[in-house]
Structure formats: structure tokens, C-alpha cells
Amino acid sequence: MKQNLILGNIINVEKENSKCIVEIQNLENSYEIPIIYYKGYKAILDNGNNQIELNTEKSKNGLILVNLPKSKTNSYGKLTIWYNGTNIQKLSYIISILAIIITILLFSKNFNLTKKQENN
């Protein structure tokens, strides 16, 4: 889904799967992105020369707020925002997978023991 916006310094907004790419002209201090904020969002600013990882925070409207570093040389950049998840979410995913594996192993071991007892 592609939307061409001319709102202030925002030239273009593109949404690809779980990523939002915002093209910005005349970079300013901060931008409020119209996506509801959750912990775990990441943002990268690509200004042509390098990529800078930026912090995201909750704006007073509950949306994503990205604070940009001041740049005297570049007046254009692509801001890419995506949901990366939190460390606790990643840890809980690993614990869940381990619990499933252990449960399968215990059931298969119990099944084998029951089968051996029936054969004797």
C-alpha cells in the first residue's frame, strides 16, 4: 500500500508488510508517526551516507515518536520503522518452545514405558 503525502516535510509514506517507510525532506527534530506505540518498535534513519538506529517512544497522543539527530549536511532521509518485539517476548518464545519439546519427550518416554510393560 503506497500513499503519497505532502504534509510538512514528509514526502512519501510506504507500508510494506510490517515495515513503515517514511521519506522526509528537511529533517527536523522529531516526527510523530501515525502508528499506535507499543514497546519493541525499532527505527532506522537512512540519510544516504549512513544508517542511524533511533529510539522510539510514546507520544502524548499514544503514537510512535521518533527523535532525529540534528544534521547540518543532509536534508533528506528515509525513516524505516518496524515492530521488533521486546526481550521478554523473545525469552518467553524460547521458554514456550523448550516446554513443548520437553512435553513431547516426556510423553514419548511414558508411551515407550507403557508399551514395554504391556509386552512383558
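Start at Leu-45 and select Ile-52 with it: Ile-52 is the bridge partner of Leu-45 in β6. The model is predicted, so local features need pLDDT of at least 70 and side-chain atom pairs count only at pLDDT 80 or more, while totals for chains, interfaces and linings use all residues. Residues are numbered from 1 along each chain as its sequence is written, and side-chain values use heavy atoms, with hydrogens and water left out.

**The β5-β6 hairpin**

Show β5 and β6 whole. They pair in the antiparallel sense over four bridges; strands pair if DSSP finds at least two bridges between them. Strands here are DSSP runs (E, at least two residues), numbered from the N terminus. The two form a hairpin with four residues between them. Click on Gly-48 in the turn: its phi is positive, about 95 degrees.

Now select Glu-53 and Lys-42. Their side chains meet in a salt bridge, 3.9 Å from N to O. Glu-53 belongs to β6 (residues 51-54) and Lys-42 to β5 (residues 41-46), eleven residues apart. The structure holds one salt bridge, a term that takes a side-chain nitrogen of Lys or Arg within 4 Å of a carboxyl oxygen of Asp or Glu. Glu-53 is exposed at 57% relative accessibility. Lys-42 is partly exposed at 28%. The cut-offs are under 20% relative accessible area for buried, over 50% for exposed and in between for partly exposed (1.4 Å probe, protein chains only).

**Two faces of β5**

Stay on β5 and show its side chains. Tyr-41, Ala-43 and Leu-45 point to one face and are buried. Lys-42, Ile-44 and Asp-46 point to the other and are not.

**Across to β9**

Add β9 (76-83). It pairs with β5 in the antiparallel sense over six bridges. Ala-43 has Ile-81 as its bridge partner in β9.

Which two residues form an aromatic pair? Select Tyr-41 and Tyr-83: their rings are edge-to-face, 5.3 Å centre to centre, with 75 degrees between the planes. Ring centres of Phe, Tyr and Trp (its six-membered ring) must lie within 6.5 Å to pair; planes under 30 degrees apart count as stacked, over 60 as edge-to-face and the rest as tilted. Tyr-41 is in β5 and Tyr-83 in β9, so the pair ties together parts 42 residues apart in sequence. Tyr-41 is buried at 15%, whereas Tyr-83 is partly exposed at 34%.

Next, Ser-18, in the loop between β2 and β3. Leaving aside neighbours within four places in sequence, Ser-18 is in contact (heavy atoms within 4.5 Å) with Ile-81, Trp-82 and Tyr-83. The C-alpha atoms of Ser-18 and Tyr-83 are 6.9 Å apart, across 65 residues of chain.

**The core**

Select Val-22, Ile-33, Ile-64, Val-66, Leu-68, Leu-79 and Ile-81. These have the most contacts inside the largest nonpolar core, which has 19 residues. Such a core is a set of buried Ala, Val, Leu, Ile, Met, Phe, Trp, Tyr and Cys residues joined through side-chain atoms within 4.5 Å. Strands that each supply at least two residues include β2 (10-16), β3 (19-25) and β5. Center on Ile-81: its contacts beyond four places in sequence include Ile-33, Ile-64 and Val-66.

**The open sheet**

Finish with β4, β8 and β7. They make an open sheet of three strands in the order β4-β8-β7, with antiparallel pairing. β4 and β7 (56-58) stand at the edges with a single partner each, so one side of each has no neighbour in the sheet. β4 and β8 pair over five bridges. Last click: Tyr-31, whose bridge partner in β8 is Val-66.
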